[in-house]
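Please open the structure in your viewer and keep the selection tool at hand. The tour below moves from one selection to the next and says what is there at each stop.

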Amino acid sequence: MCVGLAAKVVGIKDGVAVVDASGAKREVAAELIEELEPGDFVMVHAGIAIAKITADDTEETDELMEML
Amino acid sequence: MSEYVKLAHGAGGKQTSELIEKVFKAHFANPEFTADDAAVLNVGDGRIAMSTDGFIVSPFEFPGGNIGKLSICGTVNDLACMGAQPLYMTCAFVIEEGFPLEKLEMIAASMEKTAAEVGVKIVAGDTKVAGKGQVDNVFITTTGVGRLTEGFATSGAFAKPGDKIIVTGDVGRHGCTILLEREDLGIEADIKSDCAPLWNTVKAMMDATSDIHVIRDATRGGVGTVLYEIAAESNVGVRLEATQVPVDPAVAGVCGMLGLDPLYLANEGTMVVIAPAESADKVLEALRGDKYGQKAAVIGEITDVMPGSVVVRTEIGTETLLPQPGGELLPRIC
Amino acid sequence: MEEKKLTAREIIESYDGPKLRIMEVCGTHTHEIFRLGIRSLLPENVELISGPGCPVCVTPVGFIDMALQLALEKECVICTFGDLIRVPGSEMSLADARAKGAVVKIVYTATDALDYAKENPDKQVVFLSVGFETTTPGSCLAVKKAKEEGVQNFSILTANKTMPNAYQALKGSADAFLYPGHVNAITGEDDCRKLAEEGVSGVIAGFTAKELLTALAVTIRKCQQGEPFFVNCYPRVVTEKGNIPSKKIIEEIMEPCDSIWRGLGNISMSGLKLREEYAAFDAQRKFDIPETEGTPNPGCRCGEVLQGKCKPADCPLFGKVCTPLHPVGACMVSNEGSCSAYYQYQM
């Protein structure tokens, strides 16, 4: 449905962010995220940053398992 | 088969085999006609290996090489896969009207250098110029002959259960480089084609052990396609360890962006080697002592489970099938 | 004795309660579940059903026919995401059309198509706008920019879809849903909460091995408790309200319309089309392309597969005339499609 790529923001200018996924860089639209800064991690789908995220999934899944 | 040729027929996967099977094999079949990278022929008292390859890469210059270097590497590597020392080559150029002479010289110089590296001589050539638009810049076809090594025989049909599967380097770099250069995908990555002439590398392995069953050049269609071919030709199963496959991080990043698997991307300086467990260590040691084999790794083994299939042990330890390669590589985005 | 805390994997593997049917709605979930071999961990009484969440799979034959008309008759340059290239129309696919001279370009994002239009002012460029809530904002951004910059040779052919009414159509297909994490990244949690209130259970799931296993473990545990539930198992990406600027831009540029889903038929108000103010960027209106229904292969059971009513292997075409190399139905075309996944992994 929607392939997502977690990537790090390495630059941002005029609503366009440069993201880096282990050395592969691309400009993506950052207009749909409020307050994005270099160093933030984002989820990218088809050239658009769709969400600001944490770097990995460890904390999230640990907390969910704790809840069970 | 559909009634006209599509790009997918040239992708090196199932459709390419279909085309060869139904059109070329139907007309060309003879006892020497081969499914391997090069044919083995009896000439006089001796035996030689012979191979030919056409190069249409666009763009003709790319990070890590150009069409000239590639045209030497491709044929040298096809011969080397048979354990044959490349001796002589011919090359045919089809050049587009208007192509800069300076570029042609650059290409020729690069061919000279690459050939010298493995001691192969370019002994004849052909030059044709086609009208503007009839070809894309320059196409090159090279043909090579090599001397087979006594007592050394490899074939895609020789893999045996228990054998180790080795790749001579990290996978998918050439395909990834060309994809980024050719398609206007706006992705930047510091990736160079692995394009390299591997005769000295193969020689190093052969000097370490004569007990090698299969050597295959993982060009079009990548390592995944080669493993499926070997599984079918040897009628064995393949078990791949997903976490052991060496991939350059930037290649992995590009593949993540485009929904592609590096196992299906072309290599031009990386081979798949299959050898019995006892000789695998020697092969690996020889490879790591060679400049093109630094990242060599064992990525799996041959089994007797599900002959014809490639099973992957995943990052979470489960087993699943590697999807069969086929068709044109298409970025998966939505 | 204190009970040892089970891992997500142990919870899944040790489940021995009543039969559970869980539908992963999203095609990327289907793809990752196969890639990671997660099905091999499931006990017999847990069944995963692959739902209709692959935009390529649910795009109707008629849409491809319209795109072909734009490419071949109107001589437009078609810009599209890669997967759509092989989807069969009534008579051919875009890949076939390319062999007949159509110009079809693969792009990474909608604005790349707009940039191509700006660089080639003598060509009419049409972007094939497919996708769900996650993908639609990209098309909207491109159209908005095209209007602001007065680009005359750019338009989009829309087949954008939205999930809420599709969930209504899928009610009862499964005991619980794995909701598509990246759709919810845009829409937030509201739709799923509402479904739980209506008695439809599900969790929002992420895409890594850990996230998928955790989402399945949570689903299994919650199902055992017996009450309708909703849990956001992907909080690092999905917030309660979702991505508000994305929702706004969709609202600004597009409006709901009825939409045909390949295999499922028309689902009322489950699609999006350009608003009247942006009609100049609507390829169908701009080039006066009549609404085309197309003629799908009558034997194809993609529709039932998408609703979990039958398995790919139950379709008479599966693996015989319909294979990944020669797909008939859309579920075989995309790597994400259930039929393709079942075929590739020999299920």
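Begin by selecting chain B and chain C together in this predicted model, where the two chains bury about 3,000 Å² between them, with 57% of that area on carbon and sulfur atoms. If you colour the residues that take part in the contact, you should find 30 residues from chain B and 37 residues from chain C.

Next, look for charged side chains that meet across this boundary, where the count between chain B and chain C is 2 salt bridges. To see a salt bridge in detail, select K6(B) and D96(C), whose side chains meet with a distance of 2.7 Å from N to O. Between chain B and chain C there are also 5 residue pairs in polar contact, counted where both residues have a pLDDT of 80 or more. Now display the secondary structure of chain B, and on the side that touches chain C you can pick out the elements that give two or more residues, namely α1 (14–28), α7 (249–258) and β15 (319–321) of chain B. Colouring that side of chain B by residue class gives 14 nonpolar, 8 polar and 8 charged residues.

**Next selection: chain A with chain C**

Keep chain C on the screen and bring in chain A, of which 33 residues are in contact with 48 residues of chain C. These two chains bury about 3,200 Å² between them, and carbon and sulfur atoms give 64% of this area. How many salt bridges does the rule find across the interface of chain A and chain C? It finds 3 salt bridges there, and a good place to zoom in is the pair R26(A) and D112(C), whose side chains meet in a salt bridge at 2.4 Å, N to O.

Across the interface of chain A and chain C there are, in addition, 14 residue pairs in polar contact, with both residues at pLDDT 80 or more. On the side of chain A that touches chain C, the elements that give two or more residues are β3 (24–29), β4 (41–45), β5 (48–53) and α1 (58–67) of chain A. Select α1(A) on its own, since this helix deserves a separate look: the largest share of that side of chain A, 7 residues, comes from α1(A). When you colour the side of chain A that touches chain C by class, its residues divide into 19 nonpolar, 6 polar and 8 charged.

**Next selection: the two domains of chain B**

Hide chain A and chain C for a moment, and colour chain B by its domain assignment, which gives domain 1 (31–148) and domain 2 (164–321). The centres of domain 1 of chain B and domain 2 of chain B, taken over C-alpha atoms, are 23 Å apart. Where these domains meet, 26 residues of domain 1 of chain B are in contact with 25 residues of domain 2 of chain B, and the two domains bury about 2,000 Å² between them, 61% of it on carbon and sulfur atoms. Select P63(B), N77(B) and E117(B), which supply 25% of the area that domain 1 of chain B buries against domain 2 of chain B, more than any other three residues.

Stay with E117(B) and add K291(B) to the selection, because their side chains meet in a salt bridge at 3.6 Å, N to O. The interface of domain 1 of chain B and domain 2 of chain B holds 1 salt bridge by the rule, together with 8 residue pairs in polar contact, both residues being at pLDDT 80 or more. On the side of domain 1 of chain B that touches domain 2 of chain B, the elements giving two or more residues are β3 (61–62), α2 (67–80), β5 (84–96) and α3 (101–117) of chain B, and the largest share, 8 residues, comes from α2(B).

**Last stops: two single residues**

Within helix α3 of chain B, select S110(B). Is S110(B) buried or exposed? S110(B) is buried, because its relative accessible area is 14% and the cut-off for buried is under 20%. The side chain of S110(B) makes a polar contact with the side chain of N66(B) at 3.1 Å, and, leaving aside neighbours within four places in sequence, S110(B) is in contact with N66(B) and K69(B).

Finally, show chain C again and go to Y167(C), which has its place in helix α8 (residues 164–170) of chain C. Y167(C) counts as buried because its relative accessibility is 5%. Leaving aside its neighbours within four places in sequence, Y167(C) is in contact with V25(C), Y179(C), P180(C) and L195(C).

Definitions and conventions:
Residues numbered from 1 in each chain as written. Chains lettered and ligands numbered in written order. Predicted model: local features only at pLDDT ≥ 70, side-chain atom pairs only at ≥ 80, totals over all residues. Heavy atoms only, no water. Domains from an automatic or database assignment. Contact = heavy atoms within 4.5 Å. Buried area = accessible area lost by both parts, 1.4 Å probe. Salt bridge = Lys/Arg side-chain N within 4 Å of Asp/Glu carboxyl O. Polar contact = N/O pair within 3.5 Å; in protein donor to acceptor, adjacent residues only side chain to side chain. Helix = DSSP H or I, 4+ residues; strand = E, 2+ residues; numbered from the N terminus. Nonpolar A, V, L, I, M, F, W, Y, C, P; charged D, E, K, R; others polar. Buried < 20%, exposed > 50% of the residue type's maximum accessible area, 1.4 Å probe, protein only.
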